[in-house]
Amino acid sequence: MRLAAATLVSGLAVAGSIAGAGSAAADDAPQQHGGATATINGLKTAGPAVIHAEEGDQRVSAGLFEMTVKDGGTLQTYCIDIHNPTKPDASYQETPWSGTSLAGNADAGKIRWILQNSYPQVNDLAQLAKNAGVPGLTDKDAAAGTQVAIWRYSDHAKVDALGENAEKLADYLERSAQNAAEPKASLSLEPNAVSGHAGEKLGPVTVHTNARQVTVTPPAEAAAGGVKIVDKTGKPVTSAADGSEIYFDVPEDAQNGSAALSVQASTTVPVGRAFASESRSQTQILAGSSQSTVSAQATATWADRGPIPAVSAEKNCAKGGLDITVANKGDQPFGFDLKGVKHTIAAGKSQTVTIPLKEDQAYDFKITGPNGFEKRFQGVLDCKTQSGGGTGGETPAPSSQPSAASAGGTGGGDLAATGSSSATPVIAGIAVALLVVGGGAVFLVRKKKAPAQH
């Protein structure tokens with residue numbers, strides 16, 4: 001089945017079968033590896049800057065944003081997406097650099113160095129001014145100068161801070177920046193989809209986190225179905241740490257089915273982590289974090305025989321598409337069609353296929369098979385700092401018009417709104433909900449039902 005390139009929402013049918021399985025409720029397959037989910041509050045500390053472009057100079061506000069983390073915590077971020085607007089109250093997800101414009105940016109590591117060596121990480125403004133060789137800095141100078149230096153590397157824009165000391169700080173940071181490695185996720189589960197036969201321990205799923213520990217709390221539904229979360233020795237797990245390997249322990253007599261596991265922790269998110277929004281709001285990069293709630297999810301599918309696929313997806317900005325990985329832990333091949341090409345995953349093997357997507361366009365893919373097997377992927381590909389894919393290739397002119405999202409801020413009353421909301425359309429995309437409301441981790445067991453139920 002071919003993907004229609006001109007449509008905003010596409011469907012992808014993948015043929016396959018799970019022998020002996022009844023119908024399952026539709027699964028939303030994990031599309032990110034976990035971390036913090038936050039809502040942007042607006043620009044809080046900023047100073048004036050000017051973007052020099054062919055169509056003329058545009059004055060904007062440059063500075064530090066604030067976000068509120070779902071279930072607790074506060075983040076401070078800078079923009080790395082100068083030509084796109086910030087949407088009011090947009091929701092953001094902690095994202096690997098590979099899922100943003102930083103994937104193809106050779107200077108991404110320099111941006112992290114700037115974050116580590118400037119405001120607010122260096123909160124002593126007198127020391128920061130001394131380092132930069134300027135007579136003094138206000139918090140607005142520090143925020144504006146840092147943002148301008150970041151834009152010079154994130155967007156390779158010709159941009160200057162209008163404050164003399166802020167501009168000197170920006171020049172110092174740009175001149176001094178060195179490549180630093182991408183920070184690891186605050187919390188992730190690898191892989192985030194597993195499969196196998198009933199009577200086996202499915203996994204391992206490895207925990208990666210900078211938190212001291214994560215909470216794993218199976219509710220009553222897990223015990224009722226006989227499925228447990230255990231370590232490699234079979235001991236039930238209620239908490240885990242970085243590097244821990246956990247498994248879905250499925251009883252031999254369990255009905256063919258699936259389950260979703262979410263783990264949760266409280267930690268500070270590493271400086272330099274990217275934050276992307278499915279609403280096409282400006283991509284952000286982390287400058288500071290309070291103690292914040294982070295989560296991650298993994299799914300498991302099991303059957304008694306036949307092909308047993310585990311399906312996951314991740315944005316790949318380097319290739320301009322969505323990587324879909326299908327692993328087959330069954331005892332028969334799993335076959336599916338992707339854009340008119342037949343793929344067969346042998347028993348015990350896996351394969352990753354990249355679906356090319358247009359920039360800024362929403363996608364809604366389903367991988368389905370007989371007996372109700374279904375995985376769904378939804379989102380928006382946002383890989384470029386200049387909008388274009390969804391609007392015929394045109395790039396909106398930077399705009400100094402304020403955004404309503406910054407009402408009540410201390411940075412002059414407007415966001416770094418470098419792209420007007422009227423010029424850049426809001427793309428209709430639905431974020432995949434991976435985080436579970438409430439404390440601890442939630443483990444849900446779904447039993448296969450009649451086809452009419454899915």
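**Close-up views of a predicted model**

**View 1. The second largest pocket encloses about 300 Å³ of space.** Of the 21 residues that line this pocket, Pro-191, Ala-193, Ser-312, Thr-325 and Ala-327 are the closest to its centre. Four elements each give two or more residues to the lining: strand S8 (193-197), strand S9 (201-209), strand S18 (309-316) and strand S19 (321-328). By residue class, the lining of the second largest pocket divides into 7 nonpolar, 9 polar and 5 charged residues. The structure shown here, as in every view, is a predicted model.

**View 2. Cys-317 and Cys-383 form a disulfide.** The structure holds 1 disulfide, and the sulfur atoms of Cys-317 and Cys-383 lie 2.0 Å apart. Cys-317 is located in the loop between S18 and S19, while Cys-383 is located in the loop between strand S24 (374-380) and strand S25 (443-447), so the pair ties together parts that are 66 residues apart in sequence. Strands S18 and S19, which appear in View 1, both contribute to the lining of the second largest pocket. The torsion about the S-S bond of Cys-317 and Cys-383 is about -75 degrees, and the disulfide is therefore left-handed.

**View 3. The cysteines Cys-317, Cys-383 and Cys-79 are examined for burial.** A residue is counted as buried when its relative accessible area is under 20%. Cys-317 has a relative accessibility of 13% and therefore counts as buried. Cys-383 is buried because its relative accessible area is 11%. Cys-79 has a relative accessible area of 0%, so this residue is buried.

**View 4. Strand S5 (residues 91-95) is mostly covered.** Of the 5 residues in strand S5, 4 are buried. Strand S2 (residues 37-53) is joined to S5 by 3 bridges, and these two strands run antiparallel. Within this pairing, Ala-38 has Tyr-92 of S5 as its bridge partner. In a regular strand, the side chains alternate between the two faces of the sheet.

**View 5. Strand S5 also pairs with strand S15 (residues 274-276).** The pairing of S5 and S15 is antiparallel and extends over 3 bridges. Which residue in S15 is the bridge partner of Gln-93? The partner is Ala-276. Taken together with View 4, this view places S5 in antiparallel pairing with S2 and with S15.

Notes:
Residues are numbered from 1 along each chain as its sequence is written. This is a predicted model: local features need pLDDT of at least 70, side-chain atom pairs count only at pLDDT 80 or more; totals for chains, interfaces and linings use all residues. Side-chain values use heavy atoms; hydrogens and water are left out. On a 1 Å grid over the protein atoms alone, a cavity is a set of points where a 1.4 Å probe fits but cannot get out, and a pocket is an open set with protein on both sides within 12 Å along at least five of seven lines; lining residues have an atom within 4 Å of a point. Grid points are joined across faces, edges and corners, and a volume is the space filled by probe spheres set on the points. Ala, Val, Leu, Ile, Met, Phe, Trp, Tyr, Cys and Pro count as nonpolar, Asp, Glu, Lys and Arg as charged, and the others, Gly among them, as polar. A disulfide is a pair of cysteine sulfur atoms within 2.5 Å. Buried means under 20% relative accessible area, exposed over 50%, partly exposed in between (1.4 Å probe, protein chains only). Two strands pair if DSSP finds at least two bridges between them.
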